[in-house]
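Here are a few exercises to work through with the model open. Try each task before you read its solution.

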Amino acid sequence: MNRGDTRLHVVWYKRDLRIRDHAPLAQALREGRHVLLLHVFEPEDLKHPTTSNRHLLFRWQAWGELCEEIRSLNWSVETAALQASALEVLIRLHESVGIEALCSYEETGLAHTFKRDQAIAHWTQSNGIQWNEFPQQAVQRGLKNRKRWATDWHKSMRTPMEIPVPGPQLTGCQPVNWPKQWLVEAPPTVQHQWDPGVAGPFQQGGERSGHRYLESFFDGRVKGYRRQIGRPLESRKSCSRLSPYLAWGCLSMRQVYQAYAQAEVSGAKMDMKAFGSRLRWQGHFIQKFESESRMEFESVNRGYLEMEYAGTEAHLQAWKEGKTGVPLVDACMRCVIATGYLNFRMRAMLVSFLTHHLDLPWQAGVEHLARCFLDFEPGIHYAQFQMQAGVTGINTIRIYNPVKQGEERDDEGAFVREWLPELAHLPNEFIHAPWKMPPMERAWSGLDWDYPEPIVDVALAGSAARERLWRFKKSASVRTESKRILDRHVVPDSK
Ligand SMILES: Cc1cc2nc3c(=O)[nH]c(=O)nc-3n(C[C@H](O)[C@H](O)[C@H](O)COP(=O)(O)OP(=O)(O)OC[C@H]3O[C@@H](n4cnc5c(N)ncnc54)[C@H](O)[C@@H]3O)c2cc1C
């Protein structure tokens, strides 16, 4: 292809790794003569402390499957996965073949991706390239309040899906000569110190796999959703497990919502209802982050900026490694490191333990768990972290007692035994608080275990945190900020 005949439309894939219900792809196929699908592993991302190898592997798998399907469809489009900065790639592409339009979704991402998007917006404008950016997950850019948000969300979810179909004018474009060092032949890897690894039983990236989870959920897994959602073991099956597919865009929320609206699952009315409301939470949290992105760095409620913490580096390290001596906390941490997944309540409990019992700021753990979660989604992650840390000023303060949580949600201790084999033989009575076993009984039982003593007194640390948090919540600055947050971020009928 030379510059003369080009009408190259570039579909820049970010967190939207699918073919179906993809507005930028549909537009490029409709309007472009030549179409290139591009996915870029950027150096800034590879070194970012929230990125982990499991994310990169998931993206790699999803991208590989997408390219394979494009080939099997016999569409005349090129694909390229590169390791370079997106701006450099686009400049190179424009110099060699000329770009007419760039098509992508808007990304509610971290500061570094937003800065990159600003640079690309500037570059496209200066070069007369049209950048068609589409909103996704019903998230609205520049939104000032939530008055119409819920109505708009439902409208967007009910809109017919975008079915990409190649236009009659579409002809293949010549492959571009990319610099050798940009070509990626294996999943890229992170360029920072600690990574939770990829050796676990992870969910496989890709649209096909996402649809399989969706189908099996409505085929029966949803039954028991409400009853099991808080249980660390059972929820692994009875929750949908759609989060990584939604986070990396192998499924759009609209696809999930429409499948949900059409599903007929007898005997699961309340389970379906509970699931349906959570779908809206996804957009709700991402919208918060979109509207107030400084949440990546500081508490949304500025009244908490002055809060002081007395936690230690040693305690933080014990939390990160699952060596706090509190069984449910450690089992959750070891499980998420090994598998990339944890149900909502256990995620909340981990953050509660970090920020309340260990008296550490949420920033101390937010990147660690981002790396561990296969479904890391900045909008949900930062907002949830702050909510569980009790620094929004508008949510109920919840201090989870990990012993009580264990007794209620893992009553036989099966989850703890699976992840802490050193405690496998403990009687149920002591599985969530081994330190409570009287020394004499321990000696008589013949049992011994190589497991640390708790690094804090769970009950005392919990009440100290409660006192601290309530004192702060009543302060004038927290209350003023709370009012601002309610006006800006809360859907009116839920205030
Ligand atoms: C500290 C903390 C951090 C979190 N970080 C993330 C994250 O990075 N990425 C992420 O997808 N979820 C995050 N969550 C929310 C929630 O825990 C997960 O979405 C859920 O556990 C994923 O499992 P599932 O797909 O089986 O969920 P299901 O219960 O089957 O729900 C279906 C979908 O609804 C959405 N959803 C469910 N619960 C919530 C919620 N509480 N808030 C917002 N959306 C929700 C998700 O998209 C989810 O995939 C976090 C929660 C906490 C407490």
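**Exercise 1.** Work out which hand the crossing of α6 and α12 has, and which residues make the contact.

*Solution.* Start with the hand: α6 passes α12 in a right-handed crossing (the near helix is turned clockwise from the far one by less than a right angle). Next, the contact (heavy atoms within 4.5 Å): α6 brings Trp149, Ala150, Trp153 and His154, while α12 brings Leu279, Arg280, Gly283, His284 and Gln287. By type, that gives four nonpolar, four polar and one charged, with Gly counted as polar.

This is a predicted model, where local features need pLDDT of at least 70 and side-chain atom pairs pLDDT 80 or more, while totals for chains, interfaces and linings use all residues. Residues are numbered from 1 along each chain, and side-chain values use heavy atoms, leaving out hydrogens and water.

**Exercise 2.** Find which way the residues of β2 point, and say whether they are buried or exposed.

*Solution.* First, split the strand (residues 34-41): His34, Leu36, Leu38 and Val40 point one way, and Val35, Leu37, His39 and Phe41 the other. Then check cover: eight of its eight residues are buried (under 20% relative accessible area, with a 1.4 Å probe and protein chains only). Finally, look next door: β1 (residues 8-13) runs parallel to β2, joined by six bridges (pairing takes at least two DSSP bridges). Valine 10 has leucine 36 as its bridge partner.

**Exercise 3.** Place alanine 268 and find its contacts beyond four places in sequence.

*Solution.* Alanine 268 sits in the loop between α11 (253-262) and α12. Its relative accessibility is 1%, so it counts as buried. Beyond those sequence neighbours, alanine 268 touches Val222 and Lys223.

Technical notes: Helix = DSSP H or I, 4+ residues; strand = E, 2+ residues; numbered from the N terminus. Buried < 20%, exposed > 50% of the residue type's maximum accessible area, 1.4 Å probe, protein only.
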